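Subject: Handover of a structure and its findings

Dear colleague,

Please find below the structure I am handing over to you. My findings follow it, and I would be grateful if you would read them with the coordinates open.

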Amino acid sequence: MISLTVTAVVFGVVFLAELPDKTALAGLVLGTRYRASYVFAGVAAAFALHVVLAVAAGSVLTLLPQQIVQALTGVLFLGGAAVLLLKKSEEEEEVRKPENQSFWKVSGAGFMLILVAEFGDLTQIMTANLAARYDDPLSVGLGAVLALWAVAGIGIVGGKALMKKVPLRLITQIAALVMLALGLWSLWEAVTG
């Protein structure tokens, strides 16, 4: 039986913790380039897997070597920044229409980005701790996954709305600089942590 109280508490805590996180930015960037439903499918699947792992493993996730997770995240974001900065501008390439984008390619990219970037993240550890605290894995899992999906949806839809007001090239350059900063910060944490 699902406890609506536990689900609501977990939703609120995880939503607020994830909202300013790097994955909202990742969703925004992917949402500006690809069909939103494809991006959301991949991101949602990755978040669901993370929640299952967090709930199943409980507090064991806190024992993972944080330096390795930080280093991997840093490299991923640096790679993402490089791809964005080196990509041809909108004028130099034909912008792909959503119907020309493969579901598996787009959703797979979203899935892999979130899978790696969120591994050992604060919200995953928080979900594991909440699962241990409430001893109600179904309610905790439901609250956490709904919160993560809500944040991802906001990021993806926000990316589409932003693209209508601001040139894609500028969005891409800003996103690349933010990803570069996040990558360097993650690597700094891995080295100093």
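At the start of α5, which backbone nitrogen does a side-chain oxygen of S102 reach? The partner is the backbone nitrogen of W104, and the side-chain oxygen of S102 comes to within 3.3 Å of that atom. Please bear in mind throughout that this is a predicted model.

Overall composition

The protein has 8 helices and 0 strands, so the order of elements from the N terminus reads α-α-α-α-α-α-α-α. Of its 193 residues, 43% count as buried. The accessible surface amounts to about 10100 Å², and carbon and sulfur atoms account for 71% of that area. If one takes the contacts between residues at least 6 apart in sequence, 94% of them join residues at least 24 apart.

Helix α5

Helix α5 contains 15 residues; from its first C-alpha to its last it reaches 21 Å, close to the 21 Å expected at 1.5 Å a residue. The buried residues of α5 are V106, S107, G110, L113, I114 and A117. Viewed down the axis of α5, these buried residues fall within an arc of 125 degrees, and they therefore line one face of the helix. W104 and K105 are exposed on the other side of α5.

S107 deserves a separate paragraph. This serine lies in helix α5. S107 counts as buried because its relative accessible area is 6%, where the cut-off for buried is under 20%. The side chain of S107 reaches the backbone oxygen of F103 at 2.7 Å. When neighbours within four places in sequence are left aside, S107 is in contact with Y38, A41 and G42.

Helix α1

Helix α1 covers residues 4-18. Its 15 residues should span 21 Å at 1.5 Å a residue, and the C-alpha atoms at its ends are indeed 21 Å apart, so the two values agree. Within α1, the buried residues are V6, T7, V10, V14, F15, A17 and E18. Seen down the axis of α1, the buried residues fall within an arc of 160 degrees, which means that they line one face of the helix. On the other side of α1, L4, T5 and L16 are exposed.

The nonpolar core

The largest nonpolar core has 29 residues, and V10, V14, V39 and V140 have the most contacts inside it. At least two residues of this core are supplied by each of α1, α2 (22-33), α3 (36-57), α5 (103-117), α6 (122-134) and α7 (137-165). The largest share, 8 residues, comes from α7. As for V10, leaving aside its neighbours within four places in sequence, this valine is in contact with L130, V140, G143 and A144.

An exposed leucine

Is L86 buried or exposed? L86, which is found in helix α4 (residues 66-86), counts as exposed because its relative accessibility is 73%, and the cut-off for exposed is over 50%. The C-alpha atoms of L86 and A176 are separated by 9.8 Å, although these two residues are 90 residues apart along the chain.

Yours sincerely

Technical notes:
Residues numbered from 1 in each chain as written. Predicted model: local features only at pLDDT ≥ 70, side-chain atom pairs only at ≥ 80, totals over all residues. Heavy atoms only, no water. Helix = DSSP H or I, 4+ residues; strand = E, 2+ residues; numbered from the N terminus. Expected span 1.5 Å × (residues − 1). Buried < 20%, exposed > 50% of the residue type's maximum accessible area, 1.4 Å probe, protein only. Arc of directions from axis to C-beta. Core = buried A, V, L, I, M, F, W, Y, C linked by side-chain atoms within 4.5 Å. Contact = heavy atoms within 4.5 Å. Areas by Shrake-Rupley, 256 points an atom, 1.4 Å probe, with all protein chains shown as cover. Polar contact = N/O pair within 3.5 Å; in protein donor to acceptor, adjacent residues only side chain to side chain.
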